[in-house]
Amino acid sequence: MRIALFFLTSALSLAAVETFDSVQAFLGTHCAKCHQDKGGAGGFKLSRVTSLESLKTDGEKWKSLALRVKNGEMPPKGAPAPPLDDRVAFTQWVDHELRNQACSSGIVAGPSPIRRLNRDEYSATLRDLLDMHLNIGSALPADGAGGEGFDNAAETLFLSPIHAEKYMDAAKFAMDFAAKEFKSHNMIFVATPKPNVTPTQAADKVLRRFLTRAFRRPVTDTDVAPYFALFQNAQKQGDAFEPSVLFALRAALVSPMFLFRYEPPNPTPNPRPLDNFSLASRISYFLWGSMPDEFLTDIAAAGKLQDDEVLKQIIPRMVKNDRALGFSQRFMDQWLRTRELTTDKIPDDKLFPGYAGSEDLRSDIRLQPALFFRELLVRNLSVLNLIDSTHTIGTGLLEKHLDLKLPLNAGAKSQPQWVELPKGSNRGGLLGMPAVLIVSSYPYRTSPVLRGAWILDSMLGTPPPPPPPNVPPLGEEKAGAPAASVRERLTRHRADPNCAGCHSRIDPMGFALENYDAVGKWRDQDGGKPVDNTGELLDGTKFQGPEELRKILLDRKDLFLRNLTNKMLGFALGRGLTLKDSCTVDSIVARVKEKDYKAQALVEAIVLSVPFRNQAGMVVSKEQVKK
Amino acid sequence: MNRLSRRTLLKGAGVALGLPWLESIAATTAGAANPKRFAAFYMPNGVNVPMWTCEGTGRDFKFSPTLSPLADLKDQITVFSNLYNLNSKGGDGHYVKEAAILTCQTIKKTQGADLANGVSLDQVIAQKVARETPLPSLELGVTPVAIGVDAVVGYTRVYGSHIAWANANTPLAREINPRSVYERLFRAANAGKGSGSKQEALLLDRVLSDAKRLRAQVSASDKIRVDEYLSVVRSLEERVTRASSGTQQPWKPKMALDLKTAPTDQPTGHAEHVRLMMDMIAVGFQSDTTRVATFMFGNAVSNVSFRFLEGVSAGHHDVSHHQKEEDKLRQYQLINKWHIEQYAYLIRKLKAMPEGESNVLDNSMLLFTSALSDGNSHNWHKLPIVLAGRAGGRIDSGQHIVSPDDTPLSNLYLGMLEAYGASQERFADSTGILPGLLKG
């Protein structure tokens, strides 16, 4: 989805303005030698991209072309490389044109691939289905991420043999649990054999009710029959009524209809609105990470869920529900990469014993961004609070770690609270939060490079290109010479023209955060010297410290909003975005801006968007056309 | 069961043999001969090259400082130099290299939408012996799948977290909890026992028909996912029915498993965690519950802290970018050597397990790999590769095979497939079996 716009400077329009002709000239100069039609190196012929029409018909080729130029993979090593400014201008032009082309054919629904429930969704669905408050999915392997970077992306939710085994075990465990636990039992056994109710009648009722909930849509006689046969089979073996029912239900919990998010496919060639039950599931898995509740199911059953006004009323109700806490957490800790605080990003325990020594503090730090975002949603505040804010989430331990006096409710200091920050606290927004500052540091020191790159990638959605192969080292220390500071070493690094192009764009923003150490504590000195927190953008704009950096980011609030929208739309759809979605993103961004950047407006615009509520027409393959 | 041991074969050697006898050998070879095992170990982030490289070639070689923990096992060890993985060239510094270490294919650059690699070596072997043991293969690790996509280089980190690939589009998820591994081995070894198994088969049959119905309705691209479901459920069903039906020759564990001896599910640190996983591979092999395993010491770009090692203060990936600094190189080597020690631990363990007239190690091939030589430069030439075990005598071990520069790694794999009894004409970009690898 991302191409170009890869540096802050792009937003400042520093790069030369390109035209179709100048872009063709660029390709002719740098690519023709190998990719002229007879050459066609790597299976790519320039003739594919010589017409304006090709931007429309061969957008993906343009996209990969721009990415390779941007990342310096092409032209390859040994061939004369275009200057960075030309690369920026080229990729920026391609990005812009591709977006224009994508929108010229209007907003489209896009693909909605079938996907299995991920580990968290599986656990939450079992929880709600059976009123069973156990993290039963923890036995499953963690899911990798795809698309916009989330572990609910259809493309990377593959299945391995261990999944099948664990689903079988969990199904048995869940039904054994339900046999004993009062609440779960009652949720399942909505009928039991009585003098005037035969076991067959009772089983039919129980199965229908359960399958409807487990499969998250009405079931037909054909759906129920095989499960009923399992029940009868168990009865024939001499099992009692309840064990026989539970045996049949065990099968339901391993059925693909339960394990997959199934939407009846659209057999027509044209897009169409999604059926109500599929839409209920989409909304529910987006905001709750679980199956729809009775309220949502009832609206779906009444056929009213595609009504704009109904949707607008549902959303505030859903984001305020406790189940939406999981959404904030899963969305934020993957978007910001703070989930890595439990795996790879562990500050050095000898240098930072306070962090290492307190699981409670670590937990408060990890949760802070998610809880902050949750408050923005519940209170319907501006998402620009993520850049700068007068409030934060505080606890007693965070107060101490941040060395601040927060107006916390004294009786509940261990509970996270939404509190106003004192003036001049330097802690407004994500960049004041230790979770973010740690995840963009090394275990033993801060890194202006990592932090600058983190801002460009995670906040602005404009990741820098990877370092070229065989990067020269940061510079070896001469024996006896005083240790150079990180800034001195990076300054030397930037003196190398191979490095300067990127690092003069990445590093300055990182330097503005140097007052935060590698666990996010404030410092005025580093290694006995005053912290140098100054930076300068390519256009000469000078700034100092985190407060001025926040102002610079607020100047780019639309770039930030666009990135946040990309991320949340990708999360909501459970897939990577394609070029064709950029038009949807444009319309969502416009809507949110109209509504003062309100958090609920973003969620609402996503739910109301075309790809979220519709399904694309069936793609007819070339062979089928021939037939 | 009428087992044909090596001794019966020798006894019968002088006798004039009729065809039926030969047929009976052919029919029972798989069950009767000592089973061969294969395991691959992946260490992230490459090696300190000078400290890794062994001096001398052929049988007359000296173990390098990093490989010194293997010195007393020399007759079972083969060290390889100058192998490279051409298809792991370019792309980026880690994901392309790591994902290709057992496939020797170039992965497709994607954030997920069109994951593509090749079938990995372990899975080629597993597919060959899948029906002979309860579990076709074990995929193990100590860290969960890496989080997110790497937008800077444009790859999903799923690539960096999997070396075992069932097919081009499907990596195999790893188990990281040692207790779960033991329980899994136990259950697999005892599948088909008790009254539950017939019911289980019935239940699996039921859901398979749901899946078939679903498959008929979905689009072509969605069929890939439904097919994955069908294949994993089918293999489970097969295991259950095969074990509970009397018609087929039943598999018997070579060592009884006891849940009372299952390890902890919460190891106290990285070192204990790795050890327990090594133990689980040993249990799987000794009991013959599986014959194929892969183990990842970490994901690509792993920055696990090795502070538990005396003299190491930085994370793994950080020291691999040593920038020629002496202190980082020193730490890098200590981390490399620690990995070899864990490998040596398992080698010794399998060596101590008698089997037939030798031991489990002698019937195994344990491959130690990293996808980079020097991590600092993401070098995919001169890969650090060691093999332990002799595949029942097929591997000409006890030597340092120094191949011509840039010899395909896949040539080694092709030879290993031959040694395993799963020979193929080619494996990925192989050009022929690595000379010197096989006996005779």
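**Exercise 1. The largest nonpolar core**

Determine which residues touch the most other members of the largest nonpolar core in this predicted model.

*Solution.*
Step 1. The largest nonpolar core holds 264 residues.
Step 2. Within this core, A:Ile606, B:Phe41, B:Ile281 and B:Met365 touch the most other members.
Step 3. Another core lies apart from the largest one and has 16 residues, among them A:Leu55, A:Leu65, A:Ala89 and A:Ala102.
Step 4. A general tendency provides the background: in soluble globular proteins, nonpolar side chains tend to be buried together.

**Exercise 2. The surroundings of B:Phe41**

Identify the residues with which B:Phe41 is in contact, leaving aside its neighbours within four places in sequence.

*Solution.*
Step 1. Three of the contacts are B:Phe295, B:Phe297 and B:Tyr343.
Step 2. The others are B:Leu367, B:Phe368 and B:Thr369.
Step 3. In strand E11 of chain B, the residue that stands opposite B:Phe41 is B:Phe368.

**Exercise 3. Strand E11 of chain B**

Decide whether the two faces of strand E11 of chain B are covered or open, and find the strands joined to E11(B).

*Solution.*
Step 1. Strand E11 comprises residues 364-369 of chain B, and six of these six residues are buried. A residue counts as buried here if 20 or more other C-beta atoms lie within 10 Å of its own.
Step 2. Strand E11 of chain B is therefore largely enclosed by the rest of the structure.
Step 3. In a regular strand the side chains alternate between the two faces of the sheet.
Step 4. On one side of E11(B), B:Ser364, B:Leu366 and B:Phe368 are buried. On the other side, B:Met365, B:Leu367 and B:Thr369 are buried, and both faces are thus covered.
Step 5. Strand E1 (residues 37-42) of chain B runs parallel to E11(B) and is joined to it by six bridges.
Step 6. Strand E12 (residues 385-388) of chain B runs antiparallel to E11(B), with four bridges between them. Here B:Leu366 has B:Ala388 as its bridge partner.

**Exercise 4. The overall form of chain B**

Explain why the radius of gyration of chain B agrees with that of a compact globule.

*Solution.*
Step 1. For 440 residues, a compact globule would have a radius of gyration near 22 Å.
Step 2. Chain B has 22 Å, and therefore agrees with this expectation.
Step 3. The C-alpha trace of chain B spans about 65 × 65 × 45 Å along its principal axes.
Step 4. Chain B contains twelve helices and 13 strands, and 57% of its 440 residues count as buried.
Step 5. Of the contacts in chain B with a separation of 6 or more, 70% are between residues 24 or more positions apart.

**Exercise 5. The domains of chain B**

State how far apart the C-alpha centres of domain 1 and domain 2 of chain B lie, and describe the contact.

*Solution.*
Step 1. The domain assignment gives domain 1 (35-176 + 261-420) and domain 2 (191-256) of chain B.
Step 2. Their C-alpha centres lie 31 Å apart.
Step 3. Domain 1 of chain B brings eight residues to the contact, and domain 2 of chain B also brings eight residues.
Step 4. The side of domain 1 that touches domain 2 in chain B consists of one nonpolar, six polar and one charged residue.

**Exercise 6. The contact between the chains**

Which helix or strand gives the most to the side of chain B that touches chain A?

*Solution.*
Step 1. The contact involves 60 residues of chain B and 60 residues of chain A.
Step 2. Strand E7 (170-171), helix H6 (178-189), helix H7 (196-217) and helix H8 (220-244) of chain B each supply at least two residues.
Step 3. H8(B) gives the most, with eleven residues.
Step 4. By residue type, this side of chain B has 26 nonpolar, 21 polar and 13 charged residues.

Key: Residues are numbered from 1 along each chain as its sequence is written. Chains are lettered from A and ligands numbered from 1 in the order in which they are written. This is a predicted model: local features need pLDDT of at least 70, side-chain atom pairs count only at pLDDT 80 or more; totals for chains, interfaces and linings use all residues. Two residues are in contact if their C-beta atoms, placed from the backbone, lie within 7 Å. Ala, Val, Leu, Ile, Met, Phe, Trp, Tyr, Cys and Pro count as nonpolar, Asp, Glu, Lys and Arg as charged, and the others, Gly among them, as polar. Domain bounds come from an automatic or database domain assignment. A residue is buried if 20 or more other C-beta atoms lie within 10 Å of its own, exposed if 12 or fewer, and partly exposed in between; C-beta atoms are placed from the backbone. Two strands pair if DSSP finds at least two bridges between them. A nonpolar core is a set of buried Ala, Val, Leu, Ile, Met, Phe, Trp, Tyr and Cys residues joined through C-beta atoms within 7 Å. The radius of gyration is taken over C-alpha atoms; the globule rule is 2.2 Å times the number of residues to the power 0.38.
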